[in-house]
Amino acid sequence: MIYGLIAAIGWGLADFTGAVTGRRIGSLWVVLAAQTFSAAVVTVIALATGQDLLAAGALIGWVVLNGVFSATAYVTHYRALELGPLAVVSPVGATYALVGVVLAVLVLGERPSIGIIIGGIVTVLGVMLTSTDLRKLRDGTHTMPPGLPWAIVSAVGFGVGGLTLAKLSQDLGWQLGLWSSRVAQLVAFVALGIAWREKQLHGRFQAGPAAIAALTVGGADLIGVLGYSIGAEAGFVIPVLIASAVFPLIAVALSVAFLHERPVPNQYVGVVLTVVGLLIVGISAAG
């Protein structure tokens with residue numbers, strides 16, 4: 001579970017820096033800069049550890065599937081962060097764990113214990129609760145936050161992407177699995193960049209601080225995927241998925257401190273539920 005928490009720290013930092021940077025230079029620029037940096041670092045790791053890069057061809061179907069779904073997830077997620085409040089978008093994105101858990105059971109044949117299932121439900125419920133203002137729902141004034149549809153699409157994409165990355169890490173080792181995933185995503189990102197260059201990219205990139213911030217997003221996201229990949233190779237996928245899904249706690253805390261976003265009371269309850277659920281998962285996994 002510790003690897004899942006490392007992933008959560010990386011992804012929480014990436015969400016916060018991605019939201020700030022995306023509102024300055026555009027979400028697609030953030031994705032392209034961040035993931036190019038990430039792919040370069042992972043390539044160095046793969047070469048330095050003596051990986052046979054051609055061996056990834058044995059799982060080319062999984063590689064392509066990961067590239068398509070993960071690239072779609074990143075693009076839609078950072079678009080959601082650009083448009084909507086971080087305290088809403090990040091928790092909704094974290095529900096990718098639900099998709100990943102279902103797929104881990106169906107595809108990888110994992111059989112989680114009752115404790116892990118209960119802890120997972122409590123954790124995801126807590127994460128979802130942080131994304132809703134119950135007072136506005138009761139008053140009938142709750143409207144769809146900007147970016148929410150994009151966040152929902154990204155949650156599905158990350159669920160499939162997370163499952164396929166776990167499969168690649170388990171079968172190829174985390175170094176080669178993560179390398180093949182990053183390269184496949186980069187190809188998909190370049191294709192998206194070419195297709196959207198006039199609408200999304202023209203004239204928005206800025207050298208200097210904004211570019212450095214975009215690379216910082218890539219570094220934080222890299223910490224996340226490293227933790228996730230190593231954890232998936234080392235043990236069961238489901239505990240890592242659930243633990244990594246708490247990354248919104250970090251992103252929301254940073255948004256409160258620096259972006260002056262203010263959670264409502266039920267969102268604080270969601271934070272408590274998330275922590276409790278995570279503790280249940282950790283105790284169950286250790287047992």
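**Exercise 1. Find the partner of Asp171 in this predicted model, and place the pair in the fold.**

Step 1. Start at the carboxyl group of Asp171 and look for a side-chain nitrogen: Lys167 forms a salt bridge with Asp171, and their closest N and O atoms are 3.0 Å apart.

Step 2. Check the distance against the cut-off, which asks for a Lys or Arg side-chain nitrogen within 4 Å of a carboxyl oxygen.

Step 3. Now trace the backbone. Both residues belong to helix H8 (residues 148–172), where they sit 4 residues apart, about one turn of the helix.

Step 4. Finish with the surroundings: Asp171 is partly exposed, at 42% relative accessibility.

**Exercise 2. What separates Arg79 and Glu82 along helix H3?**

Step 1. Confirm the pairing first. The side chains of Arg79 and Glu82 form a salt bridge, with 3.1 Å from N to O.

Step 2. Count along helix H3 (residues 60–83): the two residues are 3 apart, so about one helical turn separates them.

Step 3. Look at accessibility. Glu82 has a relative accessible area of 14% and is therefore buried, since the limit for that class is under 20%.

**Exercise 3. Which helices does the salt bridge between Asp221 and Arg182 link?**

Step 1. Locate the contact: the side chains of Asp221 and Arg182 meet at 3.1 Å, N to O, in a salt bridge.

Step 2. Assign each end. Asp221 lies in helix H11 (residues 209–234) and Arg182 in helix H9 (residues 174–195); with their positions 39 residues apart, the pair ties together distant parts of the chain.

Step 3. Judge the setting: Asp221 and Arg182 are both buried.

Step 4. Take stock. The structure has 3 salt bridges.

**Exercise 4. Which residues make the nonpolar surface patch of about 400 Å²?**

Step 1. Select the members: Ile60, Val64, Leu65, Val68 and Phe69 build this patch.

Step 2. Take Val64 as an example. Val64 is found in helix H3.

Step 3. Test its exposure: Val64 has a relative accessible area of 47% and counts as partly exposed. Patch members need over 30%, so Val64 passes that cut-off.

**Exercise 5. Describe the protein chain as a whole.**

Step 1. Count the elements: there are 14 helices and 0 strands.

Step 2. Consider burial. Of the 287 residues, 53% are buried.

Step 3. Turn to the contacts. Among those with a separation of 6 or more, 91% join residues 24 or more positions apart.

Step 4. Close with the surface: the chain exposes about 12200 Å², and 73% of this comes from carbon and sulfur atoms.

Definitions and conventions. Residues numbered from 1 in each chain as written. Predicted model: local features only at pLDDT ≥ 70, side-chain atom pairs only at ≥ 80, totals over all residues. Heavy atoms only, no water. Buried < 20%, exposed > 50% of the residue type's maximum accessible area, 1.4 Å probe, protein only. Contact = heavy atoms within 4.5 Å. Areas by Shrake-Rupley, 256 points an atom, 1.4 Å probe, with all protein chains shown as cover. Patch = residues over 30% accessible without salt bridge, like charges linked within 9 Å, V, L, I, M, F, W, Y side chains within 5 Å.
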